[in-house]
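User: Hi! I'm new to reading protein structures, and I'd love to go through this one with you step by step. Could you show it to me first?

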Amino acid sequence: MAEIPVEEYLCTRIRRTEQALMGHHEAVLRRHGLTMTQYTVLLVLAREGGMSGAQLARACGVTQQTMATVLTGLQNKNLITREPSPVHAKVMIANQTAAGRELLDRAYQEVIVLERALTDAFTPAEHAAFCELLERATAILIEQTPRSSSASGTKSAT
């Protein structure tokens, strides 16, 4: 089997890109007193409106336990409120406060600078092609990820 030099591995390049992106966002958000997950929660709530902790956990790709901690932190900073759902009294619905919207707006203005810089680094055709290639890579990564079997706890190749 021919060895591929590590610098040519696509997964290595994707990981380096992801680390650079997260490093940038974390540095920007830290100046606003936010973590990446807290920012994502505020962004999701701004786009979707009130949501339960379970819905937010799915939207942010974290566990419900992690989300409970994140929501408590946001509530303690007065960035969100949580009230019982009108449908299920035991379910708490999170909503942004005015302070949460203002902080999100300030943080977003800095985060979007990177998005614009990346967009400007490519021609419109390159940008479209790059987005399509990223979508294709994401689909393959998802397809190739083993899924847990809830019945036996083993991984499935499907």
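User: Which residue of strand 3 does M51 stand opposite?

Analyst: Good place to start, and keep in mind that this is a predicted model. Strand 1 (51-52) and strand 3 (92-96) run antiparallel and are joined by two bridges. In strand 3, the residue opposite M51 is A94.

User: And which residue of strand 3 stands opposite I80?

Analyst: I80 brings us to another pairing of strand 3. Strand 2 (80-84) pairs with strand 3 in the antiparallel sense, over five bridges. Opposite I80 in strand 3 is Q96.

User: Which residues of helix 3 are buried, and why do they line one face?

Analyst: Let's look down the axis of helix 3, which spans residues 53-60. The buried residues fall within an arc of 105°, so they line one face of the helix. That fits a general rule: an α-helix has 3.6 residues a turn, so residues three or four places apart point the same way. The buried residues here are L56, A57 and C60.

User: What covers those buried residues of helix 3?

Analyst: Both helices and strands take part in the cover. It includes strand 1 and strand 3, along with helix 2 (36-48) and helix 4 (64-76).

User: Which helix gives the largest share of the largest nonpolar core?

Analyst: This core has 24 residues, and L34, Y39, V41, L56, M67 and L74 are those with the most contacts inside it. Two or more residues come from each of helix 1 (10-30), helix 2, helix 3, helix 4 and helix 5 (98-120). The largest share is six residues, and it comes from helix 2.

User: What is M67 in contact with, leaving aside its neighbours within four places in sequence?

Analyst: M67 is among the core residues with the most contacts inside the core. Its partners include L56, A57 and C60, the buried residues of helix 3. The full set is T37, V41, G53, L56, A57, C60 and V62.

User: Is N78 buried or exposed?

Analyst: N78 is in the loop between helix 4 and strand 2, and it has a positive phi of about 60° although it is not a glycine. Its relative accessible area is 53%, and the cut-off to pass is over 50%. So N78 is exposed.

User: Which helix gives the most to the lining of the largest pocket?

Analyst: The largest pocket holds about 1400 Å³ of space. Its lining has 35 residues, with T17, E18, L21, F130 and L134 nearest the centre. Helix 1, helix 2, helix 3, helix 5 and helix 6 (124-144) each give two or more residues to this lining. The most, 11 residues, comes from helix 6.

Technical notes: Residues numbered from 1 in each chain as written. Predicted model: local features only at pLDDT ≥ 70, side-chain atom pairs only at ≥ 80, totals over all residues. Heavy atoms only, no water. Buried < 20%, exposed > 50% of the residue type's maximum accessible area, 1.4 Å probe, protein only. Helix = DSSP H or I, 4+ residues; strand = E, 2+ residues; numbered from the N terminus. Arc of directions from axis to C-beta. Contact = heavy atoms within 4.5 Å. Core = buried A, V, L, I, M, F, W, Y, C linked by side-chain atoms within 4.5 Å. Pairing = 2+ DSSP bridges. 1 Å grid on protein atoms, 1.4 Å probe; cavity = no way out; pocket = protein on both sides within 12 Å on 5 of 7 lines; lining within 4 Å. Points joined across faces, edges and corners; volume = space filled by probe spheres on them.
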